[in-house]
Structures are given as C-alpha cells and as structure tokens.
Amino acid sequence: MSGIERDTPECYLRHHLHATGATMAHTLTILGLESSCDDTAAAVVRQTNGAPAQILSSVVAGQTELHAGFGGVVPEIAARAHTEKLDHSVEAALALAGVTLSDIDAIAVTAGPGLIGGVLAGVMCAKGLAAGSGKPLIGVNHLAGHALTPRLTDDLAFPYLMLLVSGGHCQFLIAHGPDHFTRLGGTIDDAPGEAFDKTAKLLGLPQPGGPAVERTAKAGEVNRFAFPRPLLDRPGCDMSFSGLKTALLRTRDGVVAEKGGLSEQDRADMCAGFQAAVSDVLAEKSRRALSVYLNDHPQTPAFAVAGGVAANQRIRAALEQVADSMGVRFTAPPLALCTDNAAMIAWAGLERFRLGHRDDMTLSARPRWPLDKLSPTMLGSGKRGAKA
C-alpha cells in the first residue's frame, strides 16, 4: 500500500457508523455559521440520501468598507462586526430558506483556523443557538469547508485532488473522506491571496487585493517585467510567494526612481506580470501534484480548486488546462462559493454529522488547525498549535 492509499469511502463510512453507532437520516437540514476572517455568513443546506444537496439560503455580510482605510483586515474591527451581524445573518438565512430552528437537524460552525476573535464570536453564537434549541453542535475546520465544496456543488467522489488556494492558505490535498486528508505540498511562506493583497497595497490599488489586481492586469503587458517563478527549480509540490512579492516591490521602486512615479500602464503591466507568475507556479505545481495523485490510480480521477484565489479567471483557466492535458476531470465551485461562505460550512457539518460526529459545549475556537494531522507542519507551530 502506498503512503496515500486509504480505505474506500464505503469502508470509511461503515467504520465510522459502526464506531459511533450513528444512523444515516433520510434527509438532513443543517444551519452553518462562518466568521473566520472578515465575512459574517450563515446558510442552510439540505440533502436527501441519493440526491444532490440543496443550498436553501446563503447570506454573507462583508466588511470591506470597515477595513478599507487600513490596507487589510483589522482583527479587532472584524471581531466586533461579527458579534453585531451574526444574529441578523442567522435570522436572514432561516427566513430565506423558509425554515425555523425547529426544522434544523444540527448547527455547524467554523471552529478554526482563522482570526481568533471572529472564530470565537461564531462558536459562541452557535453554542447559544444549540443550547436554546436543543440541536446538536458540529465544529467544522474552515479549510475542510473549502476542501469539501466540490462535493456540495459537483457531487465529487472520493478520492480527489484539491488545491486549496486562498488569502491565508495554499495546499495540495488528497481528500479521502470528510475528515481524512493527505497534504502533498503547500506554501512555505505567503499564501497567494496574501501576496495579491500586498501587491495591491504596494501599487496603490484598493482592497481586497485579488480582484483589484485581476481587474488592473487586463490592460497590462504580461512580458514587460521579468518576475521570478519561485521553487520551480526544485522538486516537489511546495510553493513560495514571498520572494515574488519582493521582486514586485523592487520593480516598482526601480520604475519610480526612473520616472518619478507610476503610470496606470505601469501598474497594469506589473499586475499582469505578477498574476502570470502566480498562475505559472500554481499550474506547474498542480501538474506535479496530479502526477503523485494519479499514482494511486483512482477510478475517476478529479482535480478541484477552491478558495478565494480560485475566483481568478486566469489562474482557473491555467489549472483547467493542466487537468485537461493529463486526462483528469477539473471542477471549481461557482465564484460565490470560492470566497468565504457558510454554505460550505453547513455542508462540511452535514458530512461530519452523517458520520456520527457531534460536539458539546466544550468546543473551542482554534486559530490554527491543520487538515492533515500526520504530515509535518508547513509553517511551524507554537503555543497555539500547528499553523498548517
């Protein structure tokens, strides 16, 4: 057996049902809450055995205006906004879904990783709802929410290769089951979304940086500036984006020194070159990760991408091209489900609930929570636990 081989999903499910004594309900309706960064979200997801899941409602209250003047998310401001918006988001999600708390089978909530103030606000809100309604509570790993989204949107079968690429994370994962992931590689420093945000700040573009850089890049010349493709000269699936950000900083400073400032075309060309570099790195590393994944000979190989950076059209197209060239099905969620949302949390909670998982009032908020519990951490650890 290779290092990434696992039991079939059927065996995995039978094992958990036997171990927990759980039964598979015919229909499940789950309320999900998400507050790990700067989006306050609530959603209701329902599934009947054998049928595609339904997103009955998905409410997202953003905080872009609150953080616009700071060049990034301010944790204290985000946490305060979550406490103000969570109740209203839940009420709106239930109303849009046409259900009440009595119709809900369980309450799922992001319990980490994320900004601890926001995660704590969501966990405490979910605990209050669970205590008041008598409904089961399910803590969900935010990364698992992204990683399981292809099963919500495309009914993807295990095992599949997942590229989770967002503002704070970038990992290649083989998804074997709802609680079972093998990491093949990841970023050793900045995540792509973080690099996009910092690039936008360096070039005087608005936040969030990802959409701003993508918009600006449309008018740019990709090859004007020579940006590096970090770690492509090394084997494996690990990535690095910090040096790429530094290269852009030096390029900007060089143009400013030469011309006395940046023109709109300068900004567009830098954005186009930066975006192309990120796309090239992700495409080549995806090719390598797919080679490892395909060695396991899955019957229906699939490659999925999720997370905020998956909304970038150039990057998405490059990844799809890689998958097509290797004869692998490619899937990406709708743009609204790429960024943080509670539908993915409700779905991840539903998958865990079917396996018999339950949490109680001791559920704690976790700033760090790696999906692969066996592999060495990518970014180190400390008193708060492993980062990724």
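This presentation describes a sheet, two packed helices and one further helix in a predicted model.

Good morning. I shall begin with the sheet. Five strands form an open sheet, and their order is β8-β7-β6-β9-β10. The pairing within this sheet is mixed. Its edge strands are β8 and β10, the latter covering residues 329-331, and each of them pairs on one side only. From one strand to the next, the twist averages 25°.

Let us take strand β6, residues 160-165. Are its residues buried or exposed? Six of the six residues of β6 are buried, and the strand is mostly covered. Its side chains may be divided by direction: Y160, M162 and L164 point one way, whereas L161, L163 and V165 point the other way, and all are buried.

β6 has a partner in β7, residues 170-177, and the two strands pair in the antiparallel sense over six bridges. Within this pairing, L163 has F172 of β7 as its bridge partner. The two strands form a hairpin, with four residues between them. β6 also pairs with β9, residues 302-306; here four bridges join the strands, which run parallel. In that pairing, the bridge partner of M162 is A304 of β9.

I turn next to β7. Why may this strand be called largely enclosed by the rest of the structure? Eight of its eight residues are buried, that is, each has under 20% relative accessible area, so β7 is largely enclosed by the rest of the structure. Beyond its pairing with β6, β7 is joined to β8, residues 180-186, by six bridges, and these strands run antiparallel. L173 has R183 of β8 as its bridge partner. β7 and β8 likewise form a hairpin, here with two residues between them.

At the other edge of the sheet, β9 and β10 run parallel and are joined by three bridges. In this pairing, F303 stands opposite F330 of β10. Helix α10, residues 313-325, packs on the sheet and touches β6, β9 and β10. The direction of α10 makes about 160° with that of β10.

Now to the pair of helices. Two packed helices are described by the angle between their axes and the distance between those axes. Helix α6, residues 192-202, packs against helix α7, residues 209-217, at an angle of about 65°, and their axes are 7 Å apart. The crossing of α6 past α7 is left-handed. Which residues make the contact? From α6 they are F196, D197, T199 and A200, and from α7 they are G209, G210 and V213. Of the residues in this contact, three are nonpolar, three are polar and one is charged.

Finally, helix α4, residues 116-133. Does its length agree or disagree with expectation? At 1.5 Å a residue, its 18 residues should span 26 Å, and its end C-alpha atoms are 25 Å apart, which agrees. The buried residues of α4 include G118, V119, A121, G122 and V123. Also buried in α4 are C125, A126, K127, L129 and A130. The elements that cover these buried residues include strands β1 (27-34), β4 (106-112) and β5 (137-141), together with helix α3 (75-97). After α4 comes G134, whose phi is positive, near 75°.

In summary, β6 pairs antiparallel with β7 and parallel with β9, while α10 packs on the sheet they share. Thank you for your attention.

Notes
Residues numbered from 1 in each chain as written. Predicted model: local features only at pLDDT ≥ 70, side-chain atom pairs only at ≥ 80, totals over all residues. Heavy atoms only, no water. Buried < 20%, exposed > 50% of the residue type's maximum accessible area, 1.4 Å probe, protein only. Pairing = 2+ DSSP bridges. Axes fitted to C-alpha atoms, helices over the stretch in contact; angles between N-to-C directions. Left-handed = near helix turned anticlockwise from the far one by under 90°. Contact = heavy atoms within 4.5 Å. Nonpolar A, V, L, I, M, F, W, Y, C, P; charged D, E, K, R; others polar. Expected span 1.5 Å × (residues − 1).
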